[in-house]
Amino acid sequence: MGTPVSDLALPEIERRMNGALETLKTEFAGLRAGRASTSLLEPVQVDAYGSSMPINQLANVSAPEPRLLTVQVWDASLAGAVERAILEANLGLNPQREGQVIRVPLPDLTEERRRELTKVAHKYAEEARIAVRNVRRHGMDQLKRQEKDGDISQDEHRSISGDIQKLTDGFVEKIDEMLAHKETEIMQV
């Protein structure tokens, strides 16, 4: 029967799982234990112009001081929405609006704040695990359809689904390792 169509889908499944891993890396980069980092605000979504938009499409985020972020909102009418989005992002930040500029002082990292950051890290890791599992589920659904349509045999289905499961396990393991590393970084005083 030649190469089953599903073998061609494995690289695509791996690419999509890698995407979940890259997203997690970006989110973890924003969880800075020491200095202010503009990537801290990257996950913040703002309700603007009738849709949810990333903060970096509405404002310029900079870190002029080690414990301060500034957000220069381009459209003055959106300053309130940006401020509200930062507050509601559950990052433990208290933005202060001064016209079109929003100052976001970063609190000193107390033991409690470090624990909050590890909870956020756990949330990000769980979202990445869910994304990887969704890719796996989608791949398995495709396999079932192909077997049902007669494109692949039951044995091919079993073999490829085993490969998909191994891929999934590997990515979940990488996510767990990244989380453990980030936790250590955050809890380090």
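Here is a short chat about a predicted protein model and how some of its labels are earned.

Visitor: What makes up the secondary structure of the protein, and in which pattern?

Guide: There are 4 helices and 6 strands. Going along the sequence, they run α-β-β-β-β-α-β-β-α-α.

Visitor: Why is the protein called more spread out than a compact globule?

Guide: Set two values side by side: the radius of gyration is 21 Å, while the globule rule gives 16 Å for 189 residues. The value is well over the rule, so the protein counts as more spread out than a compact globule. For the box, think roughly 70 × 40 × 20 Å along the principal axes, filled by the C-alpha atoms.

Visitor: How much of the protein is buried, and how much area does the protein expose?

Guide: Of the 189 residues, 41% count as buried, the cut-off being under 20% relative accessible area. The protein exposes about 10600 Å², with carbon and sulfur atoms supplying 48% of that.

Visitor: What about the charges, how many of each sign are there?

Guide: You get 25 positive and 31 negative side chains, and the centres of the two sets sit 3 Å apart. Side chains of opposite charge can pair when their charged atoms come close. Here the count comes to 10 salt bridges.

Visitor: Why is the pair Glu22 and Lys25 called a salt bridge?

Guide: The closest N and O atoms of Glu22 and Lys25 are 3.3 Å apart. The rule asks for a Lys or Arg side-chain nitrogen within 4 Å of an Asp or Glu carboxyl oxygen, so the pair qualifies. Both residues lie in helix 1 (residues 5-30), 3 residues apart, which is about one turn of the helix.

Visitor: Why are Glu22 and Lys25 called partly exposed?

Guide: Partly exposed is the band between buried, under 20%, and exposed, over 50%. Glu22 has a relative accessible area of 42%, so that label fits. Lys25, at 41%, lands in the band too, so it is also partly exposed.

Visitor: What makes Arg103 and Glu98 a salt bridge?

Guide: Their N to O distance is 3.5 Å, and the limit is 4 Å, so they pass. Arg103 has 30% relative accessible area and Glu98 has 48%, so each is partly exposed.

Visitor: Which residues are linked with Glu126 in a network of salt bridges?

Guide: Arg129, Arg133 and Asp176 are linked with Glu126. One of the links is Glu126 to Arg133, where the closest N and O atoms are 3.6 Å apart. Glu126 is partly exposed at 32%, and Arg133 is partly exposed at 38%.

Methods
Residues are numbered from 1 along each chain as its sequence is written. This is a predicted model: local features need pLDDT of at least 70, side-chain atom pairs count only at pLDDT 80 or more; totals for chains, interfaces and linings use all residues. Side-chain values use heavy atoms; hydrogens and water are left out. Helices (H or I, at least four residues) and strands (E, at least two) are DSSP runs, numbered from the N terminus. The radius of gyration is taken over C-alpha atoms; the globule rule is 2.2 Å times the number of residues to the power 0.38. Buried means under 20% relative accessible area, exposed over 50%, partly exposed in between (1.4 Å probe, protein chains only). Accessible areas come from the Shrake-Rupley method with a 1.4 Å probe; for residues, only the protein chains shown count as cover. Lys and Arg count as positive and Asp and Glu as negative; His and the chain ends are not counted. The place of a charge is taken as NZ of Lys, CZ of Arg, CG of Asp or CD of Glu.
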